[in-house]
Amino acid sequence: MLVQTSPGSAHVVVLGNEKGGSGKSSAALHVAVALLKAGQRVATIDLDGRQQSFTRYINNRRSWARRAGLDLDLPTH
């Protein structure tokens, strides 16, 4: 359910789990893209400075879209 809020109000969505390989990065990108498609402004932060799975996911999506000539929705990262 998407709740309409007043312009300028911010929300924070955190996806976390102590277990690696549980799909956090995939879920985070799907949520971010869904919000972008719903007309929301989205910024993302990868807090795993060692592995940086989410950052690599964003960068790979950006590179693939550029090579394929597609304009894919991507959050500010």
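The exercises below work through two helices and a surface patch in a predicted model.

In this model, local features need pLDDT of at least 70 and side-chain atom pairs count only at pLDDT 80 or more, while totals for chains, interfaces and linings use all residues. Residues are numbered from 1 along each chain as its sequence is written, and side-chain values use heavy atoms, with hydrogens and water left out.

**Exercise 1.** Compare the span of helix 1 with the expected span.

Solution. Helices are DSSP runs of H or I with at least four residues, numbered from the N terminus. The expected span is 1.5 Å times one less than the number of residues. Helix 1 covers residues 24-37, which is 14 residues, so the expected span is 20 Å. Its end C-alpha atoms are 20 Å apart, which agrees.

**Exercise 2.** Find the buried side of helix 1 and what covers it.

Solution. Buried means under 20% relative accessible area, exposed means over 50%, and partly exposed lies in between (1.4 Å probe, protein chains only). In helix 1, Ser 25, Ala 28, Leu 29, Ala 32, Val 33 and Leu 36 are buried. They span an arc of only 125° around the axis, so they sit on the same side of helix 1. The arc is taken from the directions from the helix axis to the C-beta atoms. The face turned away from this side carries the exposed residues His 30 and Lys 37. The cover over the buried residues of helix 1 includes helix 2 (53-68); contact here means heavy atoms within 4.5 Å.

**Exercise 3.** Repeat the analysis for helix 2.

Solution. Helix 2 has 16 residues and reaches 22 Å from its first C-alpha to its last, close to the expected 22 Å. Its buried residues are Phe 54, Thr 55, Ile 58 and Ala 65. Seen down the axis, these fall within an arc of 110°, so they line one face of helix 2. Asn 60 and Arg 67 are exposed on the other side. Helix 1 is part of what covers the buried residues of helix 2.

**Exercise 4.** Which residue in the loop between helix 1 and helix 2 has a positive phi although it is not a glycine?

Solution. Most residues other than glycine have a negative phi. Gln 52, in the loop between the two helices, has a positive phi of about 55°. At 35% relative accessibility, Gln 52 is partly exposed. Two glycines also have a positive phi: Gly 39, just after helix 1, at about 90°, and Gly 69, just after helix 2, at about 70°.
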